[in-house]
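User: I'm new to this structure and would like a close look at one part of it. Could you pick a spot and walk me through what is found there and around it?

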Amino acid sequence: MNAEGRTNREGDLVQSSIHSDLEISAGFQRGERWAFDAAARSYFVPIVNFVANLLHDRDRAVDLTQEAFFLACRAHEKVDASRSLGPWLFQIARNLAYKNYNKRKKEKSVSLDGIMEENEAALTVQDISPRKESFRREMQERIRRAMERLSPKYRDIITLRMVQGLPSEHVAELMNVPVSTVNTRIHRALKALRRYARQEGVQEEELFS
């Protein structure tokens, strides 16, 4: 590639990265493909992670997130172009996720895989003894039960802030609440989670390990 070609390519990359959240919202509202792509790059993975931590089923989380984006694209004209797109997409996916979550809970078929499911791919059968594996799964199940006792707004805040590690500002944007509300909820959620975990026989160092 000659110097002129490199310059043009670099210019295209810069141009594609300068769209603000409101520009993406406006483009999404108009049904423009570049805005759909930009929204997917910005929000697809964080939303998948949120749903996966709720359902303990990453494949299902991907399916539900794809469904959420499909519904959003079909309803693109309803987007408020004066606001960031993230909270609207997050709410669509959250509604789908909780519908699935409540159905599984009612049917008592929620997966027993733990919060740290993604890390299991790095483990082999030789890495852990049957006794350690049994203990690990028991702890994961107890933590899951403690998490389920939280109200949804506290469960969501723990998932986004503590499990996914998103900054408070990002969590505030997704949940469409002030940062101060995020900080207040995380404090109350942690207090409740510690209490429920103790009742399940989980020590704090095991809860946050």
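Analyst: Happy to! Let's begin at Gly-31, which follows helix H2 and has a positive phi, near 80°. Please keep in mind that this is a predicted model.

Just before that glycine lies H2, a helix made of residues 21-30. Which of its residues are buried? They are Ile-24, Ser-25, Ala-26, Gly-27 and Phe-28. The end of the helix looks otherwise: Arg-30 is exposed, because its relative accessibility is 51% and the cut-off for exposed is over 50%.

On the other side of Gly-31 sits Glu-32, which is partly exposed with a relative accessible area of 26%. Glu-32 and Arg-30 form a salt bridge, and their closest N and O atoms are 2.7 Å apart.

That pair leads to a wider view of charged contacts. How many salt bridges does a search of the whole structure find? The search finds eight. Helix H6, which covers residues 130-148, holds Glu-138 and Arg-142 four residues apart, so about one helical turn separates them. Their side chains meet in a salt bridge at 2.9 Å, N to O. Both partners are partly exposed: Glu-138 has 33% relative accessibility, and Arg-142 has 24%.

Glu-141 and Arg-145 are also four residues apart in H6, which means about one helical turn lies between them. Here the side chains meet in a salt bridge at 3.6 Å, N to O. Glu-141 is buried, with a relative accessible area of 13%, while Arg-145 is partly exposed at 28% relative accessibility. Glu-141 and Arg-145 also belong to a network of salt bridges that links them with Arg-144, Glu-148 and Glu-200.

Charge also appears in another arrangement. Arg-149, Lys-191, Arg-195 and Arg-198 gather in a patch of positive charge on the surface. Of these, Arg-195 lies in helix H9, residues 179-199, and is partly exposed, with 34% relative accessibility.

To place all this in the whole chain: the protein has ten helices and zero strands. Of its 209 residues, 39% count as buried. Among contacts between residues at least 6 apart in sequence, 68% join residues at least 24 apart. The chain exposes about 12,400 Å², and carbon and sulfur atoms supply 51% of that area.

Notes
Residues numbered from 1 in each chain as written. Predicted model: local features only at pLDDT ≥ 70, side-chain atom pairs only at ≥ 80, totals over all residues. Heavy atoms only, no water. Patch = residues over 30% accessible without salt bridge, like charges linked within 9 Å, V, L, I, M, F, W, Y side chains within 5 Å. Areas by Shrake-Rupley, 256 points an atom, 1.4 Å probe, with all protein chains shown as cover. Salt bridge = Lys/Arg side-chain N within 4 Å of Asp/Glu carboxyl O. Lys, Arg positive; Asp, Glu negative; His and termini not counted. Charge placed at Lys NZ, Arg CZ, Asp CG, Glu CD. Helix = DSSP H or I, 4+ residues; strand = E, 2+ residues; numbered from the N terminus. Buried < 20%, exposed > 50% of the residue type's maximum accessible area, 1.4 Å probe, protein only. Contact = heavy atoms within 4.5 Å.
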